[in-house]
Amino acid sequence: MPKDHHTPSSGFDASTAHVDADGYARMYQASVQDPDAFWGEQGKRLDWMTPYTKVKNTSFAPGNIDIRWFEDGTLNVAANCIDRHLETRGDQTAIIWEPDDLGTDAPQHITYRQLHDKVCRMANVLLDLGVEKGDRVVIYLPMIPEAAYAMLACARIGAIHSIVFAGFSPDALAARIQGCDAKLVITADEAPRGGRKTPLKSNADQALLHCKDDVSCLVVKRTGGQTTWTARDRDCLALMEEASDECPPEEMGAEDPLFILYTSGSTGQPKGVVHTTGGYLVYASLTHEIVFDYHEGDVFWCTADVGWVTGHSYIVYGPLANGATTVMFEGVPTYPDAGRFWETCERHGVTQFYTAPTAIRALMGAGDDWVKKYDLSALRVLGSVGEPINPEAWNWYNEVVGGGRCPIVDTFWQTETGGHMLTPLPGATKLKPGAAQQPFFGVQPVVLEPTSGKVIEGNDVEGVLCIADSWPGQMRTVWGDHARFEKTYFGDYAGYYFSGDGCRRDADGDYWITGRVDDVINVSGHRMGTAEVESALVAHEKVAEAAVVGYPHDVKGQGIYAYVTLMDGQEPSDALRKELSDWVRAEIGPIAKPDLVQWAPGLPKTRSGKIMRRILRKIAEDDFGALGDTSTLADPSVVDDLIANRMNRT
Ligand code: 6R9
């Protein structure tokens with residue numbers, strides 16, 4: 001066995017796993033040879049109001065990117081996530097809510113019946129506020145049960161939700177409200193996190209100053225903290241009390257939009273990724289069951305925030321469609337101390353635990369004792385998502401957290417893909433630390449030569465990762481801009497969905513993601529477009545020009561390195577460095593704050609004025625011995641200055 005093969009599942013009972021190695025091979029073949037038959041069968045895992053007669057109708061042809069799954073079927077997502085479970089598991093816990101601070105709040109166990117009650121009430125509140133099928137609702141909430149109620153209430157009445165992560169700034173929120181022309185914003189007074197409080201309502205008020213006057217605002221009183229109250233504000237919990245607890249689910253077409261989620265790309269402002277109803281839910285539900293080897297009675301915990309796609313698919317929609325018990329955590333991994341995750345796993349008897357490499361690295365740094373204090377024997381499967389996981393962190397996760405018994409599923413996927421694309425399966429895959437390994441059912445990865453776009457056959461090869469055919473969870477369009485969808489994902493390599501990631505297919509045919517090949521930085525598993533940070537920097541009055549790249553960071557995976565050229569007459573100083581970092585933080589949000597700011601009297605540009613980011617990346621990586629060809633630069637001497645004044649990364 002090659003040395004990177006690893007089978008940690010000595011205590012994992014593979015005999016009860018949903019899929020074994022042979023089963024995977026068989027089902028994968030079936031899924032790509034006859035997608036209509038395979039997905040036609042899988043679609044039956046949902047309850048349809050009108051059964052579909054067509055399964056797959058998709059085209060990746062240039063100029064005609066058109067993706068439809070189960071297109072003549074009708075269903076309701078909330079009915080699938082709640083109502084159909086009432087008869088058999090009405091009293092089972094659907095959501096375990098784990099508050100930020102156990103000193104001030106107690107965890108809640110919300111049964112499927114209680115979930116039904118709350119979601120119907122909130123749906124009726126939305127209807128009373130004039131929200132109709134197809135209208136957009138922006139959700140800007142902490143990780144509280146009302147966030148899930150709001151998502152499901154929208155789904156119940158056919159409104160399209162767009163969640164904005166509570167860490168985003170008023171400006172980012174305003175852009176997203178305007179971007180989808182939302183009728184309503186749902187927010188809270190404050191968001192407690194790690195013992196601190198973010199003033200969400202006040203952020204929303206600032207954002208709404210830039211929006212149309214007729215946008216309403218529904219406010220959840222989470223902490224009871226002081227907020228201003230304006231004519232457009234309504235008290236969410238009070239209205240829910242008064243509302244009816246019955247609200248019939250709207251009949252939705254399989255291809256009606258379920259949600260919009262903004263994500264960063266390599267150019268321009270964030271894009272509104274659109275996911276639809278039928279295919280998305282089939283895919284979220286099937287991947288949740290198979291990839292995490294989910295069984296009745298399991299307690300599933302995905303530590304993501306619902307502001308990211310991982311929270312959509314694997315806190316709310318996938319688990320609830322499967323009738324699971326899903327944990328929703330308001331806090332952070334290190335509050336009140338570095339044992340929080342493990343203490344919470346013990347207290348709730350968590351069986352599947354799904355988190356990001358950045359959290360694993362941070363907790364690994366805090367030492368093994370924090371883990372060893374707690375009984376993690378209920379854990380069966382561990383998951384990783386958001387960025388490549390380095391083997392050191394993988395081994396620690398496997399040995400210290402999983403006790404060598406729990407297979408780790410390193411799931412590669414994207415906001416755009418709706419659910420897992422490449423991942424090992426528990427009990428079916430011999431694991432390799434750091435590899436996403438093999439395609440999920442229906443996913444056809446190809447490795448392309450980056451410049452020629454030629455398909456690279458065979459193993460032990462490297463290139464860019466594309467997908468040759470559609471899968472049900474795929475995004476359908478960019479909100480309001482189908483041309484941008486076609487250009488971004490199908491423009492570079494005709495006939496293929498382009499992931500934006502590089503990958504290697506090793507000698508065994510397993511896939512390893514090597515990271516983004518475009519101008520997207522992955523900071524603690526969160527996507528940030530360099531263009532977004534640059535445009536925030538140049539919006540500052542003292543900045544003439546800025547270029548932003550990623551650099552390796554021990555905990556975050558990548559940090560943000562900004563090269564800044566100041567306006568004439570401006571003096572560089574440490575105070576100004578801090579001012580610029582804080583400015584970006586205020587413009588976009590804390591995750592976009594540059595870690596390092598280097599003063600750049602000039603930026604390396606080609607004669608046509610294009611910034612040569614390759615060079616800036618190398619300098620930021622401290623790899624300036626290998627700058628490559630600099631002869632096309634308009635002024636090669638700027639490079640020497642940048643090298644001489646590069647920032648110390650420690
Ligand atoms: C789900 C999610 C997508 C980007 C993606 C890739 C990186 C995600 C990964 C991974 C290596 C994994 N990524 N999972 N890289 N191994 N298991 O994270 O969506 O926020 O859209 O980010 O994250 O670079 O292209 P999103």
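Mentor: Buried means under 20% relative accessible area, exposed over 50%, and partly exposed in between (1.4 Å probe, protein chains only). This is a predicted model, in which local features need pLDDT of at least 70, side-chain atom pairs count only at pLDDT 80 or more, and totals for chains, interfaces and linings use all residues. Residues are numbered from 1 along each chain as its sequence is written, and side-chain values use heavy atoms, with hydrogens and water left out.

Trainee: How many of the 9 residues of helix α17 are buried?

Mentor: Helix α17 covers residues 530–538 (helices are DSSP runs of H or I with at least four residues, strands runs of E with at least two, numbered from the N terminus). The buried set is T530, A531, E532, V533, E534, A536 and L537. The helix is largely enclosed by the rest of the structure because the buried residues number 7.

Trainee: Which elements do the buried residues of α17 pack against?

Mentor: Contact means heavy atoms within 4.5 Å. By that test the buried residues of α17, A531 and L537 among them, pack against strands and helices alike. The partners are β26 (520–523), β27 (526–529), β28 (543–553), β29, α18 (574–587) and α19 (613–620).

Trainee: Which residues does T565 touch, not counting residues up to four places away in sequence?

Mentor: T565 belongs to strand β29, residues 557–566, and β29 is one of the elements packed against the buried part of α17. T565 is itself buried, as its relative accessible area is 12%. Beyond its sequence neighbours, T565 touches V543, A544, E545, A600, P601 and L603.

Trainee: Which residues does UniProt list for "binding site"?

Mentor: The list comes from an unreviewed entry, and such annotations, given here in this numbering with shortened feature names, may be inferred rather than shown by experiment. The residues in that record are G386, E387, P388, D410, T411, F412, W413, Q414, T415, D501, R516 and R527.

Trainee: Is T411 buried or exposed?

Mentor: T411, one of the listed residues, is found in strand β20, residues 408–411. Its contacts, leaving out residues up to four places away in sequence, are V291, Y354, S384, V385, H420, L422 and T423. The relative accessibility of T411 is 2%, so it counts as buried.

Trainee: What is the relative accessibility at which R516 counts as partly exposed?

Mentor: R516, also in the UniProt list, lies in strand β25, residues 511–516. R516 counts as partly exposed because its relative accessibility is 24%.

Trainee: Which residues does R516 touch, not counting residues up to four places away in sequence?

Mentor: R516 touches residues that include Q414, D501 and R527, and these three also appear in the "binding site" record. With S499 and G500 added, the contacts of R516 are Q414, S499, G500, D501 and R527.

Trainee: How many Å apart in space are A78 and D34?

Mentor: A78 has its place in helix α3, residues 77–81. In sequence, A78 and D34 are 44 residues apart. Taken C-alpha to C-alpha, the separation of A78 and D34 in space is 30 Å.

Trainee: Which residues is A78 in contact with, leaving aside its neighbours within four places in sequence?

Mentor: A78 is buried, since its relative accessible area is 0%. Setting aside the neighbours within four places in sequence, A78 is in contact with D83, L152, A155 and R156.
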